[in-house]
Amino acid sequence: MAKIAFLGLGQMGTPMATRLLEAGHALTVWNRTPDRAKPLASRGATVAGSPAEAGAGAAFAITMLATPQALTDVVLGEHGLVRALGPGQVYIDMSTVGPHTIRLIAARFPKGVAVVDAPVRGSISQAAEGRLEIFVGAGDEDFTRVRPILESLGSVGHVGGPGAGAAMKLIANLALGVSIAAVGESLALGEALGLGRAPLLNMLEGSQLGPVVRAKRADIESGHYPPTFKLRHADKDLRLVMEAATAANRDLKVSAAAKVWLDAGVERGAADLDYSAVVATIVGEEPKS
Ligand SMILES: NC(=O)c1ccc[n+]([C@@H]2O[C@H](COP(=O)([O-])OP(=O)(O)OC[C@H]3O[C@@H](n4cnc5c(N)ncnc54)[C@H](OP(=O)(O)O)[C@@H]3O)[C@@H](O)[C@H]2O)c1
């Protein structure tokens, strides 16, 4: 079993860290808001006072943080992880931050630290059950090193070299953002044409949008959108998609339009509700928590 540092105990990080603990690893955790580490501490994790303290002596250091800025703060800040890791240690980022940030951060670690990007698809229940889909960007040797650790968290796919996992995750969330906006627009027009919500959702379940409608139907029908994946994060992901598209000289008109809707949901106060609350924004309802 390995000595692992886990940094970022939000909605995803907490169940992921819990699984690593349950797998028998020696776990040290750190979170900006220290209270969030208490449930893990009560199950036997050591709580560190800073990212650098968490990473010191760990074989693997894992981050699961909100945004590129959060990751940069935790890795490169005054007591950042970069100060603690040296040759032979492995750093794995599992946040959704895009390949640009991964490359910026990787360049700051000392030579000999393996840096792997391994963002995930799936949400809180998949994290708790070890059923995440993990997109790993790494060289072959580093992939072999991280695979047994990541297998406690879900299915592990080696999608390419460093940065490829972060890139694949952006594409996954391009699909997610565009799909949920299409569900909202389908309901908005369907209802304006006199169709009922239930028959519309029944029809959409059999359409190309079926998986997202099945996953989010209960929220849409109840008007309550408790967050499993926050709208603020989906909005951040479409921002990263658009930044990557600009850098790659690709014109993504559909993603740009979906981002306009997600931005509107955030501006109307739904940032900390589930991302599917954008459906309420599009149909002109007030989403509830
Ligand atoms: N939820 C999902 O379904 C899901 C699925 C796949 C991928 N993701 C991605 O996974 C990442 C985490 O998602 P989540 O749902 O767990 O988010 P979350 O519940 O909002 O947790 C965010 C974490 O980031 C920390 N954080 C934020 N800003 C920080 C800063 N400036 N410095 C240090 N720590 C900071 C938070 O610390 P505090 O506790 O102190 O606020 C918390 O630990 C995101 O990139 C998200 O896009 C989420």
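**View A. Helices α8 and α11 cross at roughly 120 degrees.** In this predicted model, the axes of the two helices come within 9 Å. Angles of 65 to 115 degrees count as roughly perpendicular and those over 145 as roughly antiparallel. The α8 and α11 pair is therefore oblique. The crossing of α8 past α11 is left-handed. On the α8 side, the contact uses L170, N173, L174, L176 and G177. On the α11 side, it uses A234, D237, L238, L240, V241 and A244. Eight of these contact residues are nonpolar, two are polar and one is charged.

**View B. Helix α5 meets helix α8.** Helix α5 covers residues 98-106, and helix α8 covers residues 164-192. Their axes come within 7 Å. They cross at roughly 160 degrees. The two helices are therefore roughly antiparallel to each other. The crossing of α5 past α8 is right-handed. Three residues of α5 touch α8: G98, P99 and I102. From α8 come A166, A167 and L170. This contact holds five nonpolar residues and one polar residue, with no charged ones. L170 of α8 appears here, and L170 is also part of the contact with α11.

**View C. Helix α8 packs against helix α9.** Helix α9 spans residues 197-205. The axes of α8 and α9 lie 10 Å apart, at an angle of about 135 degrees. That makes α8 oblique to α9. The crossing of α8 past α9 is right-handed. Helix α8 contributes S186, L187, G190 and E191 to the contact. Helix α9 answers with R197, L200, L201 and L204. Sorted by class, four contact residues are nonpolar, two are polar and two are charged.

**View D. The largest pocket has a volume of about 1400 Å³.** Its lining counts 50 residues. Nearest the centre of the pocket lie M12, T228, F229, K230 and H233. The lining divides into 20 nonpolar, 19 polar and eleven charged residues.

**View E. Several helices and a strand help to line the largest pocket.** Each of the following elements supplies at least two lining residues:

- helix α4, residues 68-76
- strand β7, residues 120-121
- helix α6, residues 124-129
- helix α8
- helix α10, residues 210-222
- helix α11, residues 231-247

Which element gives the largest share of the lining? Helix α8 does, with six residues. Helices α8 and α11 both serve the lining, and their axes also come within 9 Å.

Methods. Residues are numbered from 1 along each chain as its sequence is written. This is a predicted model: local features need pLDDT of at least 70, side-chain atom pairs count only at pLDDT 80 or more; totals for chains, interfaces and linings use all residues. Side-chain values use heavy atoms; hydrogens and water are left out. Axes are lines fitted to C-alpha atoms, for helices over the stretch in contact, and angles run from 0 to 180 degrees between N-to-C directions. Helices (H or I, at least four residues) and strands (E, at least two) are DSSP runs, numbered from the N terminus. Angles under 35 degrees count as roughly parallel, over 145 as roughly antiparallel, 65 to 115 as roughly perpendicular and the rest as oblique. A crossing is left-handed if the near helix is turned anticlockwise from the far one by less than a right angle, and right-handed if clockwise. Contact means heavy atoms within 4.5 Å. Ala, Val, Leu, Ile, Met, Phe, Trp, Tyr, Cys and Pro count as nonpolar, Asp, Glu, Lys and Arg as charged, and the others, Gly among them, as polar. On a 1 Å grid over the protein atoms alone, a cavity is a set of points where a 1.4 Å probe fits but cannot get out, and a pocket is an open set with protein on both sides within 12 Å along at least five of seven lines; lining residues have an atom within 4 Å of a point. Grid points are joined across faces, edges and corners, and a volume is the space filled by probe spheres set on the points.
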